[in-house]
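Got the viewer open? Here is a short walk through the model, one selection at a time.

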Amino acid sequence: MKTETFVQKVNIPNLKEFGEKYPQFFNLAQNDGNFLFNIIMIPQTFILAKVLSDFRYPAVLSVADICYQEAKQKRGFVFSNNVKQFIGAAICSLMEVNSYEKTGIKKSIPHPQFNRGEFYKAR
């Protein structure tokens with residue numbers, strides 16, 4: 001058996017960079033939804049989102065279930081349409097800083113709490 005190491009550099013937007021691009025979600029990302037922001041903004045999420053995108057699935061599927069499950073655990077936190085849009089914006093931010101771009105194509109997401117999500121392609 002041969003063991004090899006795979007390394008990929010991943011750009012992770014910080015809260016300030018995210019807020020500059022998506023000011024409508026900055027307060028949520030900084031406060032009540034910060035736990036979701038921290039789930040999304042990790043290298044593993046990008047790797048999953050990249051693979052899903054390469055297989056023509058919406059990138060938000062990479063975090064749909066974990067974000068929903070974690071949100072259910074937060075007392076008083078409502079998993080609203082605004083929260084889902086925030087999650088989509090955070091995924092967009094992560095994808096774009098890593099050389100992926102929106103295609104303008106929305107695809108259904110096989111998760112009961114999400115309807116449709118953006119499909120991304122490598123630049």
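Is Arg56 buried or exposed? Select Arg56 and switch on the surface: at 55% relative accessibility, Arg56 is exposed, because the cut-off for that class is over 50%. Keep in mind throughout that you are looking at a predicted model.

**Stop 1: two loop residues with positive phi**

Stay on Arg56 for a moment. You'll find Arg56 in the loop that links α4 and α5. Now check the backbone: phi of Arg56 is near 70°, a positive value in a residue that isn't glycine. Most residues other than glycine have a negative phi.

Next, jump to Ser99, in the loop between α6 (81-96) and β1. Ser99 isn't a glycine either, and yet its phi is positive, at about 65°. How exposed is Ser99? With a relative accessible area of 39%, Ser99 counts as partly exposed, since that value falls between the 20% and 50% cut-offs.

**Stop 2: α4 against α5**

Select residues 43-54 for helix α4 and residues 61-73 for helix α5. Their axes come within 8 Å and cross at roughly 130°. That angle makes α4 oblique to α5. Which residues meet here? On the α4 side show Thr45, Leu48, Ala49 and Leu52, and on the α5 side show Leu61, Ser62 and Val63. Color this contact by class and you get 5 nonpolar residues, 2 polar ones and no charged ones.

Now zoom in on Leu52, which sits in helix α4. Leu52 has a relative accessible area of 18%, which makes it buried, because the cut-off is under 20%. What does Leu52 touch, once you ignore residues up to four places away in sequence? Show Tyr57, Pro58, Ala59, Leu61 and Ser62: Leu52 is in contact with each of these. While you have Leu52 picked, draw a distance from its C-alpha to the C-alpha of Lys106; the two residues are 54 apart in sequence and 14 Å apart in space.

**Stop 3: α4 against α6**

Keep α4 on screen, hide α5 and bring in α6. Here the helices pack at an angle of about 85°, with their axes 10 Å apart. The pair is therefore roughly perpendicular. To see the contact, pick Thr45, Phe46, Ala49, Lys50 and Ser53 from α4, then Ile91, Leu94 and Met95 from α6. Sorted by class, this contact of α4 with α6 has 5 nonpolar, 2 polar and 1 charged residues.

**Stop 4: His111**

Go to His111, in the loop between β1 and β2. Is His111 buried or exposed? A relative accessible area of 10% puts His111 in the buried class. Show its side chain and look for the backbone nitrogen of Gln113: the His111 side chain reaches that nitrogen at 3.1 Å. Then turn on Ala64, Asp65 and Tyr68, which His111 contacts when its neighbours within four places in sequence are left aside.

**Stop 5: salt bridges**

How many salt bridges does the model have? The count comes to 6. Here are some to look at.

Begin with Glu4 and Lys2. Their closest N and O atoms are 3.2 Å apart, so the pair makes a salt bridge under the 4 Å cut-off. Flip to the surface view and you'll see that Glu4 and Lys2 are both exposed.

Move on to Glu20 and Lys16, whose side chains meet in a salt bridge at 3.4 Å, N to O. Both belong to helix α1 (residues 15-21), and because they are 4 residues apart there, about one helical turn separates them. Glu20 and Lys16 are exposed too.

Last, select Lys121 and Glu101. This salt bridge has its closest N and O atoms 3.8 Å apart. Lys121 lies in strand β2 (residues 116-122) and Glu101 in strand β1 (residues 100-108), so the bridge ties together parts that are 20 residues apart in sequence. How exposed are the two partners? Lys121 is partly exposed at 42% relative accessibility, and Glu101 is partly exposed at 28%.

Terms used
Residues are numbered from 1 along each chain as its sequence is written. This is a predicted model: local features need pLDDT of at least 70, side-chain atom pairs count only at pLDDT 80 or more; totals for chains, interfaces and linings use all residues. Side-chain values use heavy atoms; hydrogens and water are left out. Buried means under 20% relative accessible area, exposed over 50%, partly exposed in between (1.4 Å probe, protein chains only). Axes are lines fitted to C-alpha atoms, for helices over the stretch in contact, and angles run from 0 to 180 degrees between N-to-C directions. Angles under 35 degrees count as roughly parallel, over 145 as roughly antiparallel, 65 to 115 as roughly perpendicular and the rest as oblique. Contact means heavy atoms within 4.5 Å. Ala, Val, Leu, Ile, Met, Phe, Trp, Tyr, Cys and Pro count as nonpolar, Asp, Glu, Lys and Arg as charged, and the others, Gly among them, as polar. A polar contact is a pair of N or O atoms within 3.5 Å; within protein, one must be able to donate a hydrogen and the other to accept it, and residues adjacent in sequence count only if both atoms are side-chain atoms.
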